[in-house]
Structures are given as structure tokens and as C-alpha cells.
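I opened my notebook to follow how the chains meet, and then to trace one sheet strand by strand. These are my entries, in the order in which I looked things up.

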Amino acid sequence: MIEGKLYDGVTAHPHDVRVTVEDGRLALTQDGGWSDRVEATLLKRRDAPSGMLRLGRTDLPGWRLMLALEAEPELAGLLGRHERYGRWIDRIGLVPALVVGGVLTASVVGIGYIAPHWIAPHVPLSWERNLGTAIVGDFGDIRCRDAKGQKALEDLVEKVSPGATKGPDAIKVAALNVPIFNAAALPGGYIVVFKPAITETNPDALAGVLAHEIGHVRHRHVTEALIREFGIGALIRLFAGGVGANAEQIVSLSYTRDNEAEADADSIAALKRANISPKPTADLFTHLSKITGEERGYSAEFLESHPLSGKRAQKFAASFNPKAHYQPALSGAQWDALSDICWKRPEKT
Amino acid sequence: MDSHHEWAAAGDDRAIHFTGNWREYLPIAATNALLIICTLGVYRFWATARQRRYLWSRTRIIDDTLEWTGTGKEMFIGFLIVIAILAPFFLFIQFLFPALIVRGKAEAAGGVLFLFEIALIYLGGFARFRATRYRLSRSWWHGIRGGSDDPGWNFGGEYLGRYALVFMTLFIMFPWATTRLWNSRWNAMSFGPLKFHANLDAEGLKARWALIYVAPIAAAILAFALIATLGLSGPNEGGPNPTLGGAVIAVVLLIYIAIPLATLHWYAKFFRNAANATKLGNLEFGFGASTWDWLKLFLGNLGLAIITLGFGLTYWGYRNWAFMVRHTRIYGSVDLGDLTQSTTHAPREAEGFADAFDIGAI
């Protein structure tokens, strides 16, 4: 016989009850003659203050039976285990759950990071083209539209990648009147060069930068980055909050290090084929990597999308052949035209 | 047995107590942290449920503790429901915004962003209401729970309207807006058959709010006076003065400290007034935390996290709850026979909206 206190879930009034176990059921009786029997399957442990046992019923919300903790052994046969970590984890145990969770998490992040690399080449180019057109359109007012300048820009692309501006999968290159030093490959074969990347460089370095972006386009790195961002990137941001901030950083860089190395290798090969000196590109990269933090307005955007290291500049420098007779990437007249590509329109900030 | 047993809530002993201790909570904090990390954050819904179950079960009101019946599963599902509703919306904006910018339609992009912000403020208010309602619906005492029959859509609108005025008046109307919103939200809530009655006004809160505007100015004047004296007595006249540089940093720091302190000073009084102005049936509330108490809580949280290299973060929820309970007072009486079961509808989406917008319920 156990003394207990019962809340019926109808009012907050407590009732003194006596509790016994009969035929696998909980029998409740009261002085006035009231009695009740509860099937064990309906009983559920609830949270109680220390030293107490609180039982609830799955069929009656608010029904609570309060007993001293000493009653536990007597009722043990009727009660399931107390829920601790959550039903799934209670079933397999904490340590196995941690191991399984850890392995699953590592796999999800790993696959989410690697898989886009394998999926991207199989995404139809037309999808990427549609998405790119939907997002960028014709760039509206910010595009620099000087015809001679545009021609020179396309000539430069043709120089490092012959035939690139023709055909259905043509590279569509545009100069944008945006006062940030940057160049980027966008979905659908669009390559954009921001004004300072033209006015503050030279034809050979710009050729290196363009060849690098063409490399991203040709290897489907843009698609790869999109899949990564909207796949695992979104998943981590959704659930992990603060804990996953570091994990997110690993996957949300627009391109992976491998992507960058591949685009660099393409760029070096393209410059060599076009007989353009890689040195100006190397100098530009060295310069940009050195001024990190000093002139953020100038370099931050470019560095964010193209994390630079001294090593990358060195690779370009190493491909320099002192015996070669390099040709300038553009003639003086062409470079003049390109430098003026944004000139026709007053600067818009 | 009396069917009308009355429990005096006031008396020489306090009606509400926190009986937990940090050692007892340690296994929960540690395993929660481990499981959250190992599941890429998915476990956090279950972690929240476990934390609340512990904290509620260690919060004693008169003769019995509270009980939290919310589950990790329902919070997880609630979160997924909300994400399913919001994701297409966010995704659309994410593509629309750059598409407009890149086409040089900056005004249209600005308009889209403006509408987006408005929607976010509305949903923020709605989320806060729903989170309060959800928490009450999962909080039990003596086998009785709380809740609300108001879905909160109108509250979202009121929230948006009042905040629009707050922004337009450079936050001068903030005390007015928050106090009215406190009333609207709590007047829609109930526990069992008892309605909450909140009658808070901005009276007594205006001076402290003005202080937030005055504090940085006063700090700046003080600091400039300091610079003036230091600058005049500086060793190298004309050239760059290191003391002057230090003083400028001091000004900035002072302003950065003065504003949060003045804000905290305001919130301390806001919560004291709000508790005083809120009733539940014959029960009245009080809240005794001073600005200094709040400051100790926040600095304690910060210090704990630093000393334990981050593990202390897992105790923030515990410390905050214990702080709230320890400073809360309940006076009056409750007729247990009249405290019947709540007939309100319990929301299914749990705290999904509040979670999506990272908003608390208090």
C-alpha cells in the first residue's frame, strides 16, 4: 500500500489516494469508496521534483499521480524506462548514438562537400544557362557598353581561349561599372569584370584573370559551388546555428581550393599557349595577397571569392620562361579601347 | 476532503522557488552539448526539451513543481513546418534581389527589400506571440496547463504597426510600444480558466528611456573634457599625440558601454513594472531584479563561457531561468477547485517561427 496524491486533470485539486498493484494494473482507492484501475500500458513516467515519482496517463492529459520515490521498486513492473535523451537515443544508448551521429554527420558533410564535384558535370548546360540568364539578364545600367571596349574585352578572351566567345556555350563577358576590384564567373558562362580590375591592371594580368575565370566556367565550378551552397551549405545553416559556423565555413567558400588550383593551372596553360607572360598575373596576385587587410575596399571582394596565397602567385611566376619571346596580350589601341569601356557613362555609385 | 481548498500563496515563505543545482544539471548540459555536435545541430530541439524538463521540474510553485511536456520531436517537426513555409519565400528573394541589382534596378531591389523587412517584422511579432502561447500550453501545474485561443495573426499586425511608429520616431516611442505589446500579448494568455491581465504603461519608464539618449552624449562630453585637459598638457604639441589617440578610443568605448548599460537599466525596470502590472486570477506577480543583478547575470554568463572555454554556454539557459525564478514573487491566492483544465487549443508548430527568427518568448 502506497499513499499518493492524485490530480485528475479536471481541476487542480489534489486527491489523497492509496495505490496498490493488482494483476499488472495500478489500483487506486479513496476513503469515500471511489476506486479506479489503470492499465500499465497507459502509464508514463513524468518529470518530478527530486525524491518524488510522478506518473501520467497517455489517455488523460493532466492526470498526474504523485508518489514518494520509495514506491518505485514496487511499481517497477508497471513502468517503462524513464525517457532520458529522447526515444531514439534511449533505444540504442548514448555512446552508440554519439558514434552513429558522429559518423553520419561526418558522412553528410563529406558527401555534401565532395558530391557537387561529381554531380556538376552532369547538370545540363542549358539549365545553368537558363538560371544564369534569369539572374543576370543583360546587367541593365551597370554594364559598360562601349562597343570598341567590348570588342577588345572579347578579343582578350579569344586570345587566351580561342573560340570561347562563339557557339551555344559561348563565354559571355561583360565589364561592370562597379567600383570594386573583382572578377567572377557566374552561372551560364557569364564572366564579369568590375571596372577597377580593368583600369588598375594591365592587359597581361587581366588575361591571366580572365583565363582563370574561363577555367572555372569550363570545369563547371560555378554549378558545383551552387549545388554545394544550396545543398550542404543550406542544411548546415538550417540546423547547426552557432555550433556549425565553422563547418559551414568549410563548405560555403564559393570555390574549393582544388577548384582554384584547377583554374590556375588552366590559366597558366592558356597564357603559355597564347604566348602571354604569366609574370604580370603573378605580380597582381602577390600584390593582392600582400595588401590583405590594408586596403580592404580594394582587395576584399576579390580575395573573398578567390582566396589568394603566396603559393598561387609563385606557380604563375614559376611558369615564366625568361627565354620566351612573350607578346603583349592586347595592342596599345585595343587596351586603350578596353580601358575606356566604362567611359561613356558617368560613374554611378 | 475539501473541494475548495485555498492555498495562501503569500506568507512568510516564498511562493516560487528554484530548487535545481548546477551539479545535478551537469550530465544534462554535457550530453546535450555532445549530442548537438555529433548530430550537426539536429539534436538541439531535444536538448531544449530536456533542459526545460529539468528546469521546470526544479521550479516549485507553492506545493508542487511545474512540469514541461513539450517534446523535442514536436519542436523539430514545428521547425520543419515553418521552414517549409518560409524557404520558398526566402529562396525567391535570394534570387530576385541579385537579379534586380544586376539589371541596374536598384530602386525595385530596395522596394523588394523593404517589403521583405516588413514581412520579417510582422512574422517576428507573430513568432513571439506563438512562442509564448506554445510555452504556456506545455507548462503544467497540478495537472492543469496554460494556453491561448488567439492565433496571434492580429498581434503580428499590431506589432508591425507599433514598431513602424517606433522607427518613425527614432525609437522615442519604444517604451510606449513595448508596454502596449506586453499587454496585448499577455491579455490573450490564460492558465486553466484564469486569464492573464496585464495593465502595463510607460509611466515611470520614460526617464530611463531618455537616459539611453543622454548617456552617450554625457559620456562623450565627459570624455572630450578629458581629452581637452590631456590634449593641452600633451608633451608634443602639433604632432600626433598618443594620449589623445588613447582618449579617442576611450570616448568610443565609453559610448559603447554607456548605451548598453542605459538599455539594461531600462529593461531592469521594464521587467519589474511588467511583473507588477500582470495578474493571473487573484495571483499577483513581482520581479525584483535590479540593473546590477542583470549585469551580474550577463557578466557571469560571459565569464563562465570564457573560463570554461565555451562549455559554460551550455549553462546560460540554466542560469537565465534560475535568475528569472529567483527574482519572481507571487502573491495572492489560488482556489484549486476553481482552477479547471484549460480548454485552449495547443499549437502544433511549437516554437518553429520563434526559432526561425531567433526570438525569445519573454
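Entry on the interface. I looked up the contacts between the chains in this predicted model, and I found 39 residues of chain A in contact with 43 residues of chain B. I then asked which elements of chain A supply at least two residues each of the side that touches chain B, and I noted β2 (14-22), α3 (94-119), α4 (125-136) and α8 (221-240). The largest share of that side, six residues, comes from α3(A). Sorting the side of chain A that touches chain B by class, I wrote down 21 nonpolar, 13 polar and five charged residues.

Entry on the sheet. I turned next to an open sheet of three strands in chain A, which has the order β8-β10-β9 and a mixed pairing. I marked β8 and β9 (183-186) of chain A as the edge strands, since each pairs on one side only. Neighbouring strands of this sheet are turned by 20 degrees against each other on average, with direction ignored.

Entry on the pairings. I found that β8(A) runs parallel to β10 (residues 190-194) of chain A and is joined to it by five bridges, and that A:V173 stands opposite A:I191 in β10(A). β9(A) and β10(A), by contrast, run antiparallel and are joined by four bridges, and here I noted A:V192 in β10(A) as the bridge partner of A:A184.

Entry on the surroundings. Is β8(A) covered on one face or on both? I saw that both faces are covered, with A:K172, A:A174 and A:L176 buried on one side and A:V173 and A:A175 buried on the other. Lastly, I recorded that helix α7 (residues 203-218) of chain A lies across β9 and β10 of chain A, running at about 20 degrees to β9(A).

Technical notes
Residues numbered from 1 in each chain as written. Chains lettered and ligands numbered in written order. Predicted model: local features only at pLDDT ≥ 70, side-chain atom pairs only at ≥ 80, totals over all residues. Contact = placed C-beta atoms within 7 Å. Nonpolar A, V, L, I, M, F, W, Y, C, P; charged D, E, K, R; others polar. Buried ≥ 20, exposed ≤ 12 C-beta atoms within 10 Å, placed from the backbone. Pairing = 2+ DSSP bridges. Axes fitted to C-alpha atoms, helices over the stretch in contact; angles between N-to-C directions.
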